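Good morning, and thank you for attending. I would like to take the group through one structure, with attention to its interior spaces, its charged pairs and its cysteines.

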Amino acid sequence: MTSPLSSKPANRGRMVVAAAVFLIFLTAAIWWMLRVVPPEQKSAWVDPGQAGARQAVAVPQISWTDMTASLPGKFSHVSGAMGAKLLPETMGAGVVVLDANSDGQQDILLLDSCPWPGQPAQGGCQLFLNRGGWKFDNVSAEWGLGAPLYALGGCAGDLDNDGLVDLVITAVGGNHVFRNDGGKRFVDVTARSGLTEAPGSAWPDKADGFSKISNPLHFPASATLLDYDSDGLPDIFVCSYVTWAPGIDLGVASTLTGDKRGYVSPKSFEGSACRLYRNTGGMGFVDVSEQAGIAVRESEGVGPMARTRGVAKSLGVVACDPDDDGWPDLLVANDTVRNFFFHNESNGKGGRIFREIGLNQGAAYADGVARAGMGIDWGEYLPGKRAAVIANFANEPLTFLVADPGPPPRFSDRALAVGLAGPSRVPMKFGLNFVDVDLDGALDLLVCNGHLEPDIALVQASQAFAQAPQIFWNSGSQPRCFEPMPAFAGNASLMAPLVGRGCAHADFDGDGDLDLILTSNGGPCRLLRNDQALKHHWASLSLKGNRNNRSAIGAVVRLTAGGITRERAVTAGRGYLSQSELPLTFGLGTATTIDRVEVRWPGAKVFVPITTPAIDTRAQVQE
């Protein structure tokens, strides 16, 4: 037997020979690849982080006109920021589109925050009634909405089924419920609604000791309406953000650069639990979050003594029905923790509960890690194909969760495949909406961008506080269907940078195409008139429930024109802190007739045909 010592030279020689052979084969393989791969194929791979490397696609030019001056009073959002850098200052503002006085015109509610206790009072939510012809009246005071509160988001719908649209406003320290009194004013019914918060979590009345408060204040974000139990009454879902108090916030060291304090990351705060309020009628609600499965909690250890904590750091929510079973589900965008998918199921006792199954069904993460999710929307991006899109933090692309049929449905992120990953990566994204801006029938995507740090450029050269909005045009082709709309002279009013937060769409002037409103943090909003001139046809449907909720929230419409069937759903709050109009606009493109229209009313299992409307008209559809 050869000893280990005597075998070393032989082994070393064999290793040298093997290495030489390997290098020869490697060199030959590289030479062969370079020789046989044509030049055009060598450059076909596109870095997903480089939007400029995309092959050029013709994108229609849509012009926009800034109509903000038509809103009297020069509204500017008040964040309360005075240098202390408290987390809620970065969040607002939202916008709610609603028909407050039932005249068929879409009105605008701009949600405002306020100074912190001890600072001079200012601000207040502003309601603008649409008088037609781009004329609006500020009726905030006479409608009972002028009082300052630290509002963030809101949603609207007929909560008591009296035919008038009521209002929910989320605010630091507690939510607010307003009943529509005769289409002439809103009456605050929060105290008797059941949405009041526990003592100690409400907005502090006094300035003394405010910065030292450590008992968490209620910190909601987006809200939406849905009839989860199909009793004909809209229920309220409220996103809950982090466990927060000024004393907790100021107790966390957070340095941006040098001696400059930065806003504290949500990772430094504990999570919380979202809320579901069941509508009991007469503007009364009961908190069913625990028994309905909405309060997601996890154990920090093992055994009966382990502490449980809330998981939610929720900012955006959208109600949808991915498995088409007639029961509304919920998709929730969370900030730095996993997203939620609440699946609506029977409780086995004749009632309904939600089961949070995002982890098992692919909705929790996009690439195996939690992103910083803000706004969320749901829509049919191609005929028969639906997805949820989530706005994420700077240097994180949009998440595009395509739903595959269930039961229950399964989701997969296809942002790269549909063309969104690269162009959306760099900006800090908050609000977003699926909206057909050119009326070709395919849902495009609006994204409202803006950073939360005024001094971000000091530490990240690629970032700015004010950022340009983005529109991704839907070409209707596969697999890459979304194309960034480039800037040109006609859309300069849209593309101008702002510290973007919420956004919504509505046909404010009744001409068929959808106009936009964008909000900014600590600044003015931007109201934009859609001046597309592509001569595409359209149809607008306003649904009114009878046996179901009067606002028809949760109803789904399928319209067939030109041999293509498209689907839209009546949805309350969505995006980020915001709500778009409830009427459904179908772009028809060049189709000159509508073949068929079907409706599935809330709680129903099947679609029923309705009278086919004429093109380029607005129609009322009664259950």
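I shall speak about cavities, then salt bridges, then cysteines.

Please keep in mind throughout that this is a predicted model.

Let me begin with the enclosed space. How many cavities of 30 Å³ or more does the model hold? The count comes to three. The largest cavity contains about 650 Å³ of space. Its lining comprises 43 residues, and those closest to the centre are Trp 378, Arg 568, Ala 569, Val 570 and Thr 571.

Which elements contribute two or more residues to that lining? They are strands E10 (220-226), E18 (314-320), E22 (376-382), E26 (429-435), E35 (564-569) and E36 (584-589). Of these, E22 gives the most, with four residues. In terms of chemical class, the lining of the largest cavity divides into 22 nonpolar, nine polar and 12 charged residues.

The second largest cavity holds about 40 Å³. Its lining is formed by Val 337, Arg 338, Asn 339, Ala 364, Tyr 365, Ala 366, Val 369, Ala 370, Arg 371 and Thr 399. By class, six of these lining residues are nonpolar, two are polar and two are charged.

I turn now to the charged pairs. The structure contains 28 salt bridges, and I have selected a few for discussion.

The first pair on my list is Asp 229 with Arg 278, whose side chains meet at 2.8 Å, N to O. Asp 229 sits in the loop between E10 and strand E11 (235-240), while Arg 278 belongs to strand E14 (residues 275-281), so this salt bridge ties together parts that are 49 residues apart in sequence. Is Asp 229 buried or exposed? At 16% relative accessibility, Asp 229 counts as buried, because the cut-off for that class is under 20%. Its partner, Arg 278, is partly exposed, with a relative accessible area of 29%.

Next, Glu 270 forms a salt bridge with Arg 307, and the closest N and O atoms are 3.0 Å apart. This pair also links distant parts of the chain, 37 residues apart: Glu 270 is in the loop between strand E13 (260-261) and E14, and Arg 307 is in the loop between strand E16 (297-299) and strand E17 (308-310). Both partners are partly exposed, Glu 270 with a relative accessible area of 40% and Arg 307 with 42%.

A further salt bridge joins the side chains of Arg 596 and Glu 598, at 3.9 Å, N to O. Here the relative accessible area is 38% for Arg 596, which is partly exposed, and 21% for Glu 598, which is likewise partly exposed.

Beyond these pairs, there is a network of salt bridges that links Asp 321, Asp 324, Arg 386, Arg 558, Glu 567 and Arg 600.

Finally, the cysteines. How many disulfides does the model contain? The count is zero. In the case of Cys 155, the nearest cysteine sulfur is that of Cys 239, 10 Å away. A disulfide requires the two sulfur atoms to be within 2.5 Å, and Cys 155 is in no disulfide. Cys 155 is buried, with a relative accessible area of 0%.

Cys 481 is in no disulfide either, and the nearest cysteine sulfur to it, that of Cys 320, is 18 Å away. Cys 481 is buried as well, with a relative accessible area of 0%.

That concludes my presentation.

Methods. Residues numbered from 1 in each chain as written. Predicted model: local features only at pLDDT ≥ 70, side-chain atom pairs only at ≥ 80, totals over all residues. Heavy atoms only, no water. Buried < 20%, exposed > 50% of the residue type's maximum accessible area, 1.4 Å probe, protein only. 1 Å grid on protein atoms, 1.4 Å probe; cavity = no way out; pocket = protein on both sides within 12 Å on 5 of 7 lines; lining within 4 Å. Points joined across faces, edges and corners; volume = space filled by probe spheres on them. Nonpolar A, V, L, I, M, F, W, Y, C, P; charged D, E, K, R; others polar. Salt bridge = Lys/Arg side-chain N within 4 Å of Asp/Glu carboxyl O.
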